[in-house]
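Open the model in your viewer and switch to the cartoon view. We will select a few pieces in turn and look at what is there.

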Amino acid sequence: MKILIAVFVVILAVFGGGCGVPPAHETANLTEKQFVSELVGATVAWVEPSGIPNKNVRIAINADGTLVGRGRFDESISGKWRWSGDYWCRTIFGDTASPINDCQIVRRDGQDYLFIRNFGNGDAIRYRPVI
């Protein structure tokens, strides 16, 4: 019986046993205060799947609630952002006929930030602050 208990304790220590502690690579959602402190006034570049930021695809997140930058298809992007509850909400005006609205969860992941579309239920886009 002692061996069985010892094995169980080792399994819990190694695999976490579903105790609710997230793996080390997961991070919590940013609060409005963290977002303002870390990203407002910054320009962020889209991080390609290779892990390299593409500085041609970038968005400046301005303190006055505006956004400006370049999209993945080299189109000009402008827009507005605001914080609402737990979400960063933005309206993008690009080369499309109508504005694109979305509210997103923002998470820090090392030096990058994940912007998870559709109230955290959609695709995640990785950005990294650049100079």
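Which residue in β2 is the bridge partner of T43? Select T43 and look across: the partner is A60. Keep in mind that this is a predicted model.

**Stop one: β1, β2 and β3**

Select residues 43–47 for β1 and 53–61 for β2. These two strands run antiparallel, joined by 5 bridges. Now look at the hairpin they make. It has 5 residues between the strands, and G51 takes a positive phi near 95 degrees.

Add β3, residues 66–70. β2 and β3 pair in the antiparallel sense too, over 4 bridges. To see one pairing, select I61 and L67, which are bridge partners. Their hairpin has 4 residues between the strands. Click on G65 in this turn: its phi is positive, about 85 degrees.

**Stop two: β5, β6 and β7**

Next, select residues 87–93 (β5) and 100–109 (β6). The two strands are antiparallel, with 5 bridges joining them. Find T91 and look opposite, to N101 in β6.

Then add β7, residues 112–116. It runs antiparallel to β6, again with 5 bridges. I105 has I116 as its bridge partner. Between β6 and β7 lie 2 residues of a hairpin, and G110 in the turn has a positive phi of about 65 degrees.

**Stop three: the disulfide**

Show the side chains of C89 and C103. They form a disulfide, with sulfur atoms 2.0 Å apart. C89 sits in β5 and C103 in β6, 14 residues apart along the chain. A disulfide is a covalent bond between the sulfur atoms of two cysteines. Searching the whole structure gives 1 disulfide. The link of C89 and C103 is right-handed, with 110 degrees about the S-S bond.

Are these cysteines buried or exposed? Buried means under 20% relative accessible area. C89 counts as buried because its relative accessibility is 4%. C103 has a relative accessible area of 12%, so C103 is buried as well.

**Stop four: the largest pocket**

Turn on the surface. Which residues lie nearest the centre of the largest pocket? Select I59, I77, R90, R117 and Y127. In total, 24 residues line this pocket. The space in it is about 500 Å³.

Now colour the lining by class. There are 14 nonpolar, 4 polar and 6 charged residues. Several strands contribute: β1, β2, β3, β5, β6 and β8 (124–130) each supply at least two lining residues.

Key. Residues numbered from 1 in each chain as written. Predicted model: local features only at pLDDT ≥ 70, side-chain atom pairs only at ≥ 80, totals over all residues. Heavy atoms only, no water. Pairing = 2+ DSSP bridges. Disulfide = S-S within 2.5 Å. Buried < 20%, exposed > 50% of the residue type's maximum accessible area, 1.4 Å probe, protein only. 1 Å grid on protein atoms, 1.4 Å probe; cavity = no way out; pocket = protein on both sides within 12 Å on 5 of 7 lines; lining within 4 Å. Points joined across faces, edges and corners; volume = space filled by probe spheres on them. Nonpolar A, V, L, I, M, F, W, Y, C, P; charged D, E, K, R; others polar.
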